[in-house]
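Subject: A structure for you to look at

Hi there,

Here is the structure I promised to pass on to you. Please open it and keep it beside this email while you read.

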Amino acid sequence: EPEEEMTMKQKILHRLTRMNTGDLLRQIRRNISSYQVLSDADLSWDAEDMATEPEISFAVRELQAYFSDWQRAQTDKFWQRKSHKVVIAVVVCEEEDSSLVALRGMNTEVSLPSGSLCAERAGIARAASEFFAAKSIKAIAVLDPSGDIAPLWPCEVCQSWLAKIREQNPRISVVAFPSKENDFKTILVQKNGKDVRPPTAVSRRSTVTSKHTLEEG
């Protein structure tokens, strides 16, 4: 069968059958060596990185303020009577004048048959209650104030909410904190469920690549 009439799957199978074992193994090794697993250290944003995206730096500041308030408050353990674990979050929305507003959320576990309400969804519900449109949500930052789970990412139910909200705004940033000390000095960022490299690291890499290209030229 002529290759131009084959489906993509057939083309791949056809080419693989024409490769000998040695060629195939070399191709597999090249693919494996090109695969890069990034650690939290590689993906961590510092203050310089945060400053490049206003909604992210705002979310971090607001969550830090929320954390300070939580430390000082006399909290009612009834609200977390199932897990005995507190989670706090802020949902950042953009006003019509482009100013940013943070809506706080805390997990609650009142009725076990109906399940718990996560901090992220509590913040989203607060945004809806304050008449913000779904498309106005710019960032969500979430934290385990005890530091036991770091970083803490949204659960599957919260991720399903975010997936629906992304239909209104596909660029929502999700912020987590890798330090168990909750020092707010570094963060991790995901967009559309994918890790985002720190902007300064990308910039440095581009600079190095350009330098090497010039030197080779």
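Let's begin with one side chain: Phe177 counts as buried, because its relative accessibility is 4%, and the limit for buried is under 20%. Phe184 is buried too, at 8% relative accessibility. Before you go further, please keep in mind that this is a predicted model.

**Aromatic rings**

How many aromatic pairs does a search of the whole structure find? The search gives 4. In one of them, the rings of Phe78 and Trp79 have centres 5.4 Å apart and planes at 70 degrees, so this pair is edge-to-face. The angle decides this, because planes over 60 degrees apart count as edge-to-face. Phe78 is partly exposed, with a relative accessible area of 39%, and for Trp79 the value is 39%, so Trp79 is also partly exposed.

Phe177 and Phe184 make an edge-to-face pair as well, with 5.2 Å from centre to centre and 70 degrees between the planes. These two residues belong to one aromatic cluster with Phe67 and Trp70. Another ring to look at is that of Trp161: the charged end of Arg121 sits over it, 5.6 Å from the ring centre.

**The overall layout**

The protein chain has 8 helices and 6 strands. If you trace the chain from the N terminus, the elements come in the order α-α-α-α-α-β-β-α-β-α-β-β-β-α. The chain has 217 residues, and 35% of them count as buried. Among contacts with a separation of 6 or more, 66% are between residues 24 or more positions apart.

**Helix H6 and what comes after it**

Arg121, which you met above, is one of the buried residues of helix H6 (residues 119-129). The others in that list are Ala119, Glu120, Ala122, Gly123, Ile124 and Ala127. What do the buried residues of H6 pack against? They pack against strand S1 (88-94), strand S2 (100-106), strand S3 (137-143) and helix H7 (156-165).

After H6 comes Phe131, which lies in the loop between H6 and S3. Is Phe131 buried or exposed? Its relative accessibility is 78%, so Phe131 counts as exposed, the limit being over 50%. Phe131 is not a glycine, yet its phi is positive, about 70 degrees. Ser98 is another non-glycine residue with a positive phi, about 75 degrees, and you will find Ser98 in the loop between S1 and S2. Why point these out? Most residues other than glycine have a negative phi, and most peptide bonds are trans.

**The loop between S3 and H7**

The second half of that rule matters here. The peptide bond from Ala150 to Pro151 is cis, with omega near 0 degrees. Pro151 is in the loop between S3 and H7.

Asp148 lies in the loop between S3 and H7 too. Asp148 is exposed, because its relative accessible area is 52% and the limit for exposed is over 50%. Leaving out residues up to four places away in sequence, Asp148 touches Lys85 and Lys180. Asp148 and Lys180 are 32 residues apart along the chain, but their C-alpha atoms are separated by 6.5 Å.

Lys85 also appears among the contacts of Gln80, together with Val86, Met106, Asn107 and Glu109, when neighbours within four places in sequence are set aside. Gln80 is found in the loop between helix H5 (54-72) and S1. With a relative accessibility of 5%, Gln80 counts as buried.

**Spaces inside and at the surface**

The structure holds 1 cavity of 30 Å³ or more, and the space in the largest cavity is about 30 Å³. Which residues line the largest cavity? They are Val142, Leu143, Asp144, Ile149, Ala150, Leu152, Phe177 and Asn182, so Phe177 from the start of this tour is one of them. By type, this lining has 6 nonpolar residues, 1 polar and 1 charged.

The largest pocket has a volume of about 230 Å³. Its lining is made of 16 residues, with Val87, Asn107, Cys118, Leu152 and Cys155 nearest its centre. The lining of the largest pocket divides into 8 nonpolar, 3 polar and 5 charged residues.

Enjoy exploring!

Best wishes

Key
Residues are numbered from 1 along each chain as its sequence is written. This is a predicted model: local features need pLDDT of at least 70, side-chain atom pairs count only at pLDDT 80 or more; totals for chains, interfaces and linings use all residues. Side-chain values use heavy atoms; hydrogens and water are left out. On a 1 Å grid over the protein atoms alone, a cavity is a set of points where a 1.4 Å probe fits but cannot get out, and a pocket is an open set with protein on both sides within 12 Å along at least five of seven lines; lining residues have an atom within 4 Å of a point. Grid points are joined across faces, edges and corners, and a volume is the space filled by probe spheres set on the points. Ala, Val, Leu, Ile, Met, Phe, Trp, Tyr, Cys and Pro count as nonpolar, Asp, Glu, Lys and Arg as charged, and the others, Gly among them, as polar. Buried means under 20% relative accessible area, exposed over 50%, partly exposed in between (1.4 Å probe, protein chains only). Helices (H or I, at least four residues) and strands (E, at least two) are DSSP runs, numbered from the N terminus. Contact means heavy atoms within 4.5 Å. Rings of Phe, Tyr and Trp (its six-membered ring) pair if their centres lie within 6.5 Å; planes under 30 degrees apart count as stacked, over 60 as edge-to-face and the rest as tilted. A charge sits over a ring if NZ of Lys or CZ of Arg is within 6 Å of the ring centre and within 35 degrees of the ring normal.
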